[in-house]
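I opened the model to look up two things. One was a sheet and its strand order; the other was a contact between domains.

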Amino acid sequence: MAENAEGDLNSNLLHAPYRTGDPQLDTAIGQWLRWDKNPKTKEQIENLLRNGMNKELRDRLCCRMTFGTAGLRSAMGAGFCYINDLTVIQSTQGMYKYLEKCFSDFKQRGLVVGYDTRGQVTSSCSSQRLAKLTAAVLLAKDVPVYLFSRYVPTPFVPYAVQELKAVAGVMITASHNPKEDNGYKVYWETGAQITSPHDKEILKCIEECMEPWNGSWNDNLVDTSPLKKDPLQDICKRYMEDLKKICFYRELNSKTTLKFVHTSFHGVGHDYVQLAFQTFGFKPPIPVPEQKDPDPDFSTVKCPNPEEGESVLELSLRLAERENARVVLATDPDADRLAVAELQESGHWKVFTGNELAALFGWWMFDCWKKNKSTNADVKNVYMLATTVSSKILKAIALEEGFHFEETLPGFKWIGSRIKNLLESGKEVLFAFEESIGFLCGTSVLDKDGVSASVVVAEMASYLETTNVTLNQQLIKVYEQYGYHMSKTSYFLCYDPPTIKNIFERLRNFDSPKEYPKFCGEFVILHIRDVTTGYDSSQPNKKSVLPVSKNSQMITFTFQNGCVATLRTSGTEPKIKYYAEMCAPPDQSDITFLEEELKKLIEALIENFLEPSKNGLIWRSV
C-alpha cells in the first residue's frame with residue numbers, strides 16, 4: 001500500500017500542473033522533471049517539491065549560470081544554476097548551435113573534450129560522465145569529437161584544439177575550487193579561452209536550446225560512434241616534444257644532485273609531470289604518495305588550492321625533509337597552476353607567491369632567450385604579459401632590458417587572446433602570468449600550464465645550484481637589479497551580492513556623488529582606474545585603456561608613495577580580492593621600510609574602503 005502511495009505521489013509530481021503560487025517556478029519545475037534523466041538529481045528536485053521547499057526550488061531552478069573568468073562554474077547538484085547532466089547537455093546544445101553558425105567546416109574539424117577527476121556520488125555526477133554527455137550531444141549531430149580516454153591537465157585541451165585544428169574545446173573542471181564544484185571551460189579555435197562576444201552569444205544559444213534533443217542523453221555513442229577519436233597518446237607525445245623548445249640545459253639536468261618533491265593534490269598531474277621531467281632529462285620527482293592518485297574528496301587537504309600556502313603543503317614539506325629534497329612543486333588538481341616551496345638555510349620553508357615566482361620566471365626566460373637567440377633576433381620584438389592585478393616586476397625588467405611588457409584584464413582568457421594576436425603579427429612572447437600562480441612559459445599552449453611551469457622551475461633551480469645560488473637568493477638578485485616589488489594579495493568572503501555592489505558603489509560616490517576618494521586614510525591617491533565603468537583619471541580623455549568589464553567589479557588606486565592597489569570581485573568564487581604592491585626603484589633597498597609602508601596601506605585600504613565589520617565580510621582563514 002505504502003509503495004503504491006509513493007508511486008502515486010511520484011506520478012502526481014510528474015504530471016500535475018504545479019501550484020506553488022509562482023508561475024515562473026511552476027514552469028521551471030515542470031521543465032526539470034520532464035527533461036532530467038539522471039535519477040539522483042531528479043530525485044533531489046522531487047524531494048524539495050514534496051517538502052514544500054519553494055525558496056530552495058526557486059534558488060535552484062529560476063536562475064542560470066553565466067560565463068565567468070573560467071567559463072561556467074558552480075556546485076554539482078540539481079537545478080539550472082548548478083553543474084549537472086542536464087545543464088551540461090543544454091550548454092553543449094547551445095555550443096553546437098553557435099559553432100554551427102560560426103564555422104561552415106564544423107562537421108569536418110570537430111571539437112576537443114577533456115576532463116579532470118572530480119565527482120559527486122549524491123548527484124551521480126563526475127567530470128568523466130559530463131565529458132561523455134558533452135561528446136554525446138555533438139556525436140548525435142554528426143560532429144567529430146576528440147574525447148580524451150582518461151583525465152588530462154587542463155592545458156592539454158587548448159593545446160589539442162590548436163594541434164588538431166578543431167573549432168573549439170571543452171574542459172570539464174573546477175580547477176582548485178572546493179570539492180562540491182565543477183565547471184565547463186570553453187576554448188575557441190585559437191586555443192585561447194573564449195572572451196566576449198562569444199560567451200554572451202553562446203549563452204543566448206543555450207537559452208534557445210533548453211529542451212534536450214533526441215540523442216543528447218545517448219552516452220553510448222561515445223563507445224559506438226566512428227566519429228569519436230581518442231587523442232590522448234598523440235597529444236601527449238606532441239606536447240612533450242614541444243616542451244623541448246623551453247628546455248635549455250638538458251645535460252645539466254641529467255647530472256643534477258638536487259631532488260624535487262611533487263604533489264598533484266589528488267588531481268590529474270602526477271603522470272604528466274613525471275613525463276615532463278623525463279623530457280627535460282631529469283630523474284623523476286618524488287611523488288607525495290597520499291596525494292598522487294585522483295581523489296574527488298581531496299581527503300588530505302582542507303581545500304585543494306596550493307595557493308593557500310604552507311597549511312595545505314604539509315604532507316609535501318614533511319616528505320621533502322625526510323627525502324632531503326630542497327624544492328617542492330605543487331600542481332593544483334587540474335594541473336594548470338603551480339606552487340613552489342624551497343627549504344632555506346634557516347631550516348624554514350619559503351612558499352613563493354605567484355608574483356615572486358613570476359620575477360624568477362621573467363628573469364629566467366629572458367636570460368635563456370639572450371643566451372640562445374639567433375644573430376638577427378631583435379629584443380624589440382620580444383614580449384611578456386601579465387594581468388593588471390599582478391606584480392609590475394616584468395614591466396621593470398622590460399624597461400631595463402628593452403623588450404615589451406603588456407597588461408591585460410584579470411583572467412588568462414585575456415592573456416591567451418592577446419598572445420594569439422601578437423604571434424600573428426610576428427612577435428615573440430617569452431612568458432605570461434597571473435598572480436594567482438598561473439604561468440605560461442613559451443607559447444605552445446595559450447593558457448596557464450602547471451606541467452611546463454613545474455619542469456622549468458626544476459631546470460632553473462638545477463642551473464642555479466651549479467653556482468650555489470638558491471631560488472630565493474636569485475629572487476633577491478632580481479629585485480636588487482630591477483627594483484624591489486613587495487606585494488600582498490588576499491581576500492574576504494562575502495555571500496551577499498548586494499553588499500559587494502554597495503561596497504564598490506560607495507567608492508564611486510565617496511565624499512559626494514560621482515566622486516572617487518582622494519585619500520585612503522593618510523595615503524594620498526594619485527590616480528584611479530575603474531574598469532567596470534571604463535574610467536581612468538590618469539588618461540588625458542579619462543577613459544580606461546583596458547576594455548570595460550561591466551559584469552565584474554574592479555577599481556585600481558595608484559598612490560603617491562608608489563603603491564598600486566586593486567579591489568575586485570572574483571569571477572569564480574564569492575570573494576572580494578585585494579592586491580597591493582610597493583614598486584620601488586632599484587636604488588631604494590630599505591626592505592623593512594617598504595614592507596612597513598605596504599602593511600600600513602593595506603590596513604587603511606581594508607578599514608576605509610572595505611569596512612569588513614560593517615559589511616559582515618569574512619576574513620580569509622589562514
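I first fixed the rule for a polar contact: a pair of N or O atoms within 3.5 Å, where within protein one must be able to donate a hydrogen and the other to accept it, and residues adjacent in sequence count only if both atoms are side-chain atoms. This is a predicted model, where local features need pLDDT of at least 70 and side-chain atom pairs count only at pLDDT 80 or more, while totals for chains, interfaces and linings use all residues. Residues are numbered from 1 along each chain as its sequence is written, and side-chain values use heavy atoms, with hydrogens and water left out.

**Domains.** I found domain 1 (60-237), domain 2 (247-481) and domain 3 (484-619), with bounds from an automatic or database domain assignment. I then looked up the contact (heavy atoms within 4.5 Å) of domain 2 and domain 3: 18 residues come from domain 2 and 17 residues from domain 3.

Across that interface I noted seven residue pairs in polar contact, both residues at pLDDT 80 or more. I looked up which element gives the most to the domain 2 side and got α19, with four residues. Helices (H or I, at least four residues) and strands (E, at least two) are DSSP runs, numbered from the N terminus.

**Sheet.** Six strands form an open, mixed sheet, ordered β1-β7-β6-β2-β5-β8. Two strands pair if DSSP finds at least two bridges between them. β1 (72-75) and β8 (228-229) are at the edges with a single partner strand each, so one side of each has no neighbour in the sheet. β5 (residues 145-147) pairs with β8 in the parallel sense over two bridges. I checked V145: its bridge partner in β8 is K228.
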